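Good morning, and thank you for coming. Please keep the sequence and the structure in view while I speak.

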Amino acid sequence: ADIKPAVVFDMGGKFDQSFNQGVFEGVERFKSETGTKYREFEVTNPSQREQAVRKMAQRGANPIISVGFAQAAAVEKVASEFPDTQITLIDAVVDQPNVQSVVFKEHEGSFLVGMLAALKSQTKTVSFIGGMDIPLIRKFNCGYAQGAKYAMDDITVISNMTGSTPTAWNDPSKGAELARSQFDRGSDVVFAAAGGTGIGVYQAAKDAGKYAIGVDSNQNHLHPGTMLTSMTKQVDVAAYSSLKSAADDTWKPGVQVLGLAENGVSWALDEHNKSLITPEMKEAVEKAKQAIINGDLVVHDYMSDNSCPALD
Amino acid sequence: MNDALLIAVSALDATLRLSAPLIFCAMAGVFSERSGIVDIGLEGKMLAGAFAAAATAAVTGSVWLGLFCALGVSVAMALLHGFACITHKGNQVVSGLAINILASGLTVALGIAWFQRGGQTPALEADARFAAITLPGADSVADLPIIGVVYSELLSGHNILVYMAFLSVPLTAWVLYNTRFGLRLRAVGENPQAVDTAGISVAWLRYRSVICAGLLCGLAGAYLSTAQNAAFLKDMSAGKGYIALAALIFGKWRPTQAMLACLLFGFLDALAARLQGVELPLIGEIPVQLMQALPYILTVILLAGFIGRAIAPKAIGIPYSKER
Amino acid sequence: MHSPIPDDYSTSCAPAIALRGISKRFGAVKANNDVDLTVARGEIHGIIGENGAGKSTLMSILYGFYEADSGSISVKGELVDIKNANDAIAVGIGMVHQHFMLVDNFSVLENVMLGAEKSFSLATSVSQTRKALAALSDQYGLAVDPDAITGDLPVGLQQRVEILKALYRGAEVLILDEPTGVLTPQEVEQLFDILNTLREQGVSVLLITHKLQEVLAITDKVSVMRAGTMVAERTTVDTSKEELAELMVGRKVLLHVDKSPANPQQTLLDVVDISWTDPRGVERLKSINLQLRAGEIVGVAGVSGNGQTELLSLLAGIAPVQQGHLNVCGTRVDATSLLDAKSFRHLGVGHVAEDRHRMGMVSAFSARETAIMGFEESDAYKSSGVAGALGLMSSSRVTEHCETLMAQFDVRPADPHLKSANFSGGNQQKLCIAREMEHQPKVLLVGQPTRGVDIGAIEFIHQQLVELRDAGSAILVVSVELEEVMSLCDRIVVMSEGRIVGEMESNEADAQRLGLMMGISSTSEIRS
Amino acid sequence: MSQKTLPVWVDIALIPLINVLLAFVVAAGVIVLIGENPLEAVNIMLMGAFGYDEGIGYTLYYTTNFIFTGLAVAIAFHAGLFNIGGEGQAYIGGLGVGVMCLALDAWLPWYLLLPLAIFSGALFGALWAYIPGYLQAYRGSHIVITTIMFNFIASALMVYLLVNVLIQPGAMSPESRRIADNATLPFMHEVFGAMGMDIASSPLNVSLFLALICCVFVWLFIWHTRWGYAIRMIGFNEQAAIYSGINTRRMVVLTMCISGGLAAMVGINEVMGAQERVVLDFVAGAGFTGIAVALMGRNHPVGIIVASLLFGALFQGGAELSFEISTITRDLVVVIQGLVILFCGALAYMVRPTLERIFARVSVEKEL
Ligand SMILES: Nc1ncnc2c1ncn2[C@@H]1O[C@H](COP(=O)(O)OP(=O)(O)OP(=O)(O)O)[C@@H](O)[C@H]1O
Ligand SMILES: Nc1ncnc2c1ncn2[C@@H]1O[C@H](COP(=O)(O)OP(=O)(O)OP(=O)(O)O)[C@@H](O)[C@H]1O
Ligand SMILES: [Mg+2]
Ligand SMILES: [Mg+2]
């Protein structure tokens with residue numbers, strides 16, 4: 001069927017090197033494949049979320065992709081006003097008959113890259129740099145620490161958050177500085193879940209000859225030889241398949257939890273980093289992945305109880 | 001012992017990197033404010049410079065061309081400030097604010113139009129950035145105790161703009177205290193009538209001062225986007241212009257003291273990155289926000305006259321006019 | 001005459017400076033109107049005149065700070081075009097401004113060199129200037145530490161720096177604008193020694209002052225200005241203090257105030273041993289003792305700048321008492337009292353400020369707002385009922401009040417809503433006086449009651465003051481107009497250099513005697 | 001300033017109008033540079049801001065904030081003080097509003113809570129302005145610098161509180177819990193809905209009325225009370241104020257407190273109205289926009305309402321513009337705002353000499 005899709009990006013903007021950008025890439029792919037144009041809006045002010053989603057609905061957009069947990073309240077409201085409009089909400093859950101909520105098990109993916117970091121580390125110290133200090137990012141952090149400790153139980157995990165405001169997603173200088181301070185404290189692998197801030201982290205790792213791990217999309221190509229791997233979160237796939245299913249009339253409301261089993265999160269291995277990953281590392285990680293999928297290995301989700309035993 | 005030294009050295013190393021843009025801006029502030037023109041617009045000029053540098057370097061691949069454009073754009077904004085405040089006797093604070101807002105909007109609006117990356121410029125290749133310079137002999141002395149570490153780790157290995165930042169301080173001091181231009185500049189900030197009756201044009205003198213400020217802010221901007229980082233990002237100056245302003249006041253409008261204030265604020269920043277989540281004996285964990293606010297708090301305390309007194313140039317902020 | 005032997009006939013014959021037909025307006029003010037002036041080489045030429053006569057303006061034109069609207073300037077016989085200070089310096093004119101043009105936090109050396117640096121690098125300039133300065137100091141006996149911070153120097157030395165600045169630039173004509181106003185007697189003496197030396201070296205000096213004593217002591221020639229025009233020129237040896245006093249302060253119309261003899265009653269204001277030092281450390285008032293009784297008008301005569309302004313501020317509660325004390329209508333006020341102008345008003349003190357533009361009114365206010373200054377808290381202007389309880393003022397009451405005052409004092413135009421700035425000077429003054437008199441003050445302080453006021457209005461204001469006196473108020477009038485003081489006041493005190501130097505009943509006073517007393521300074525006492 | 005005088009309407013209407021037009025002409029240049037049609041942009045902005053009920057709602061919602069901050073800047077201006085700290089005062093003021101609402105929302109309905117929240121917000125905002133005011137009056141620290149510093153300190157403090165104290169456990173973003181429904185200000189669409197009129201929903205709430213009441217308050221206070229009289233006297237001529245016996249220092253501090261209290265009312269609109277909770281950075285630059293508003297509105301409540309409406313329309317129309325034209329983003333609105341501040345503030349007197357010449361010529365011709 002013919003669809004009129006629309007996307008409402010959140011405050012970071014569609015080039016945030018993170019989930020907004022992931023959605024952007026997904027819908028761009030859909031656009032180039034099907035030639036379907038879409039409307040878009042970047043929110044700049046908290047009060048604009050609802051305005052934007054509603055306006056999309058009013059203009060007859062269908063489906064609407066609403067990006068980010070912060071839009072949950074807006075989606076909840078607008079969804080009830082426009083029961084015929086299909087809304088896909090990414091990274092949060094809204095219980096409405098016309099809303100599809102897509103959330104990810106970031107802790108599972110983080111667990112795997114945590115393992116890789118620990119296996120690669122010469123100094124028995126690895127580190128994590130988050131963007132804004134929010135539970136979602138602590139979830140990454142917690143999964144990462146669990147993975148590292150699972151692979152090597154006497155490893156040290158250093159964690160830092162860039163800041164507590166949205167500017168923390170966009171502060172590469174600060175990210176680089178944090179990374180350097182972690183290297184000074186012995187870390188030789190750093191995982192950044194910090195949006196645009198990560199750019200600075202990777203650069204610092206490259207300058208210092210350490211390893212870095214990318215996030216959300218596959219960022220291995222940024223600095224081959226430095227990027228150990230990336231923890232991919234298939235936001236683009238989610239966005240793409242949401243539009244695709246709408247076009248095929250197979251779009252379904254409800255909650256989709258995408259973890260390792262669903263291939264919603266994973267670790268990236270490609271030509272840019274294959275020389276860094278030894279067969280033993282790969283084997284260990286794949287084994288753990290299988291165990292998690294089977295349910296033999298349970299990764300603790302920070303957001304389930306707002307605590308992280310692995311980091312205490 | 002050696003570990004402690006290394007950590008100290010690395011914190012100081014970070015201090016140098018972090019204070020470099022502050023120092024450029026503070027020196028810019030010295031030129032402008034010592035001539036009697038309030039410069040709230042350090043932030044905006046730096047941001048515009050950062051954008052110009054990154055955009056040009058990304059397109060041409062030449063970091064020097066980028067630097068050149070940064071200087072040009074920043075000076076153009078300084079001239080706008082001068083046009084408003086010197087020629088039209090406008091309110092200097094309002095003009096500075098306008099420049100900051102304009103810069104923050106224009107850089108992103110143009111960036112989106114030109115590069116389609118949400119205001120970001122394309123990431124720069126290594127040769128389109130200012131690379132680290134190893135000072136002569138750094139490797140050979142690296143093994144000497146203390147001195148070797150300090151020289152090879154702390155002093156060596158920064159990019160050229162960091163060195164220029166620190167050179168800009170003696171240069172500013174020299175211009176200010178050892179040249180005819182500096183003498184007149186200081187005079188016009190204290191008593192423009194004295195300068196006028198001595199047969200010197202107040203307006204032209206002040207224009208030259210704000211141009212100097214523009215040049216230095218341009219350097220700060222180029223540092224942000226082509227040396228410290230490898231691209232321009234929206235609002236990447238992140239309040240550094242205001243911190244530099246605070247440092248300028250903290251340093252009582254004097255180059256060397258302003259530099260020390262910049263180093264202090266840079267050190268606080270470096271420390272903040274290292275103290276995050278660390279329990280300190282007796283004090284416990286220091287909130288990051290407190291560290292971030294510390295430069296401003298210190299400056300207010302200084303301004304209130306509780307630790308020494310910062311006396312501004314007498315004629316600062318007052319448009320000069322002959323008529324009573 | 002002190003002219004040196006001419007070394008070159010043609011240049012020495014021509015006057016050092018000749019001004020012809022100089023006019024300059026500031027808005028509506030004709031600050032200079034067709035002024036001529038000639039100064040010979042090696043001559044000290046005095047220019048005297050009242051405040052606002054246009055002396056400073058004329059000198060600023062000569063120095064290129066302002067451009068004249070019309071007229072010409074020649075230097076040594078050649079017509080010159082002086083557009084800015086640079087041009088003036090180039091033809092050898094130097095000026096010491098009334099308000100010093102010095103950078104306080106610079107060293108003496110830096111101040112001297114500013115604008116005349118010989119090279120881009122200061123080091124070279126500094127050493128050159130240091131040498132030149134030492135030479136100049138020797139030549140003219142102008143010793144001053146070149147490395148001292150200018151702002152820390154006493155005013156006398158600061159003035160020396162100004163003179164050195166001019167000489168360093170090769171000035172052959174030196175303009176001094178009221179150089180003695182801020183000096184101590186010793187400093188004045190030193191200055192005069194310097195001027196004598198300069199004259200001997202062939203430098204022409206233009207000396208602007210109010211002080212007749214000084215003019216007679218040092219000048220060769222004197223020019224008198226009044227209201228923007230040059231009214232007379234005299235050779236000093238051929239004139240007298242009396243003549244100059246008359247030329248300077250004399251009015252064509254002698255005012256006569258109709259009044260009965262005073263009938264002084266109880267003391268309402270007692271000033272006991274008051275001394276006062278300004279923030280710069282200059283002692284402005286020195287042991288002032290003064291009594292003001294109900295039913296009399298006391299005049300304070302004196303050249304402005306001799307402490308009258310400070311005295312008024314102190315008596316009005318604007319400046320705090322430092323030493324000594326006051327007795328204001330039965331209340332003792334000393335350094336420990338925390339009273340402000342408002343408290344003084346409550347004690348019954350009215351105050352017409354000397355300078356209405358700086359203090360007495362707010363140009364941007366409408367007349368009705370200016371008319372309640374200082375009394376805005378009065379219940380008379382409150383709204384009635386709830387609005388009043390909430391603190392609202394009644395617009396109509398304020399307007400009515402202003403209309404009443406305007407009618408009483410014949411303020412024109414009688415428009416309470418007109419901006420204060422748009423009234424003529426005389427009408428502004430009438431409004432201010434009306435405001436202060438309305439509340440029947442026990443003590444009324446009046447600074448320059450008729451400055452810039454036309455003759456009709458002067459008479460009216462004088463009458464009002466006399467009526468207030470007869471109603472039992474004590475009035476203190478500060479004025480630079482001798483005629484006014486003599487005709488209006490019952491008793492006159494003369495102030496000079498922060499002291500009361502004389503006191504007399506007004507029927508014993510005459511202009512010459514007062515003028516002489518005003519000119520009395522410790523300098524002349526020391527000299528004689 | 002110049003001696004020559006111009007008719008009043010030129011000063012208060014024509015010059016601001018010319019300045020705004022100049023700003024828009026330059027902005028049009030930027031739009032052309034970006035490759036879009038400025039006329040189309042203007043059309044979209046106007047329609048977006050005033051063309052339909054939701055747009056009007058948003059425009060007025062922004063306007064509400066700008067009235068508060070504009071009044072805050074203006075009242076300080078009347079005393080000759082340049083309060084750049086509206087941003088921080090509004091932020092801290094919102095904290096005051098939030099604290100009161102969060103503490104009492106379980107017990108009180110909004111109409112009982114509102115006065116308490118206004119009081120608490122104003123108190124917090126006033127306190128944040130008190131310190132710079134005090135330092136200016138009694139210690140001679142320059143208010144421009146101290147208020148700038150206080151904006152940053154406020155921001156750091158609020159982040160700390162939101163992240164560590166106010167955040168509800170488990171929440172993603174640093175924001176307080178929602179204020180209970182009965183305690184939040186009714187939205188305008190709810191009010192109209194109750195009256196049987198159906199209008200589109202927008203964040204516009206009853207605090208618009210509070211803003212208008214504040215305008216009346218400021219007007220009365222400045223021009224009809226003795227405090228306002230004293231404030232204006234200090235602003236025009238401090239010497240005259242001292243002559244009149246006004247305690248200028250105390251008035252400076254008082255003025256700053258009122259200014260801060262007015263800025264804090266942004267917290268009512270945002271915390272108690274639009275967002276219904278304390279969120280990060282809810283002031284969103286309104287404090288700075290207030291400076292432009294006060295400059296354009298010539299520090300008079302009526303002018304401030306007009307200027308706020310202009311900026312409100314600019315924000316809403318600008319959002320609409322970025323909605324419709326993908327190459328134009330929100331940042332262009334920032335540019336226009338900067339240009340308005342530049343032309344209406346810093347270059348306010350640029351056209352004056354020209355106009356004076358024109359008017360002088362016209363009046364001479366009339367005389368002939
Ligand atoms: N820059 C100016 N702008 C406007 N009016 C001026 C200016 N300078 C002088 N005037 C006016 O011109 C007139 C002459 O002033 P001037 O300073 O020359 O007087 P003066 O004789 O030096 O008086 P004083 O003895 O008080 O110094 C006065 O009415 C003064 O107010
Ligand atoms: N700026 C102005 N705008 C409007 N009207 C003015 C302005 N200045 C003066 N006037 C009016 O012009 C008239 C003449 O003013 P001016 O100051 O020349 O009077 P004046 O002759 O000096 O009177 P006085 O002797 O009382 O000072 C007055 O009625 C005054 O109200
Ligand atoms: Mg004079
Ligand atoms: Mg007059």
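Between chain B and chain D, about 3400 Å² of area is buried, and carbon and sulfur atoms give 82% of it. Buried area here is the accessible area, found with a 1.4 Å probe, that two parts lose on being put together, summed over both. Val94(B), Ile101(B) and Gln289(B) supply 16% of the area that chain B buries against chain D, more than any other three residues. The contact takes 39 residues from chain B and 40 residues from chain D, where contact means heavy atoms within 4.5 Å.

I should say at once that this is a predicted model, in which local features need pLDDT of at least 70 and side-chain atom pairs count only at pLDDT 80 or more, while totals for chains, interfaces and linings use all residues. Residues are numbered from 1 along each chain as its sequence is written, chains are lettered from A and ligands numbered from 1 in the order in which they are written, and side-chain values use heavy atoms, with hydrogens and water left out.

Let us turn to chain D by itself. Chain D contains 16 helices and zero strands; these are DSSP runs, numbered from the N terminus, with H or I over at least four residues for a helix and E over at least two for a strand. The C-alpha trace of chain D spans about 75 × 60 × 40 Å along its principal axes. Of the 368 residues in chain D, 62% are buried, that is, under 20% relative accessible area with a 1.4 Å probe and protein chains only. Among contacts in chain D between residues at least 6 apart in sequence, 76% join residues at least 24 apart.

Chain C offers a sheet. What is the order of the four strands in this open sheet of chain C? The order is 2-1-4-5, with antiparallel pairing; two strands pair if DSSP finds at least two bridges between them. Strand 2 (29-39) and strand 5 (78-80) of chain C each have a single partner strand, so one side of each is left without a neighbour in the sheet. Strand 1 (residues 17-26) and strand 2 of chain C pair over seven bridges, and Ile22(C) has Val35(C) as its bridge partner in strand 2.

Finally, consider Glu110(C), in helix 4 (residues 108-113) of chain C. Glu110(C) counts as buried because its relative accessibility is 17%. Leaving aside neighbours within four places in sequence, Glu110(C) is in contact with Leu183(B) and Arg186(B).

Conventions
Buried < 20%, exposed > 50% of the residue type's maximum accessible area, 1.4 Å probe, protein only.
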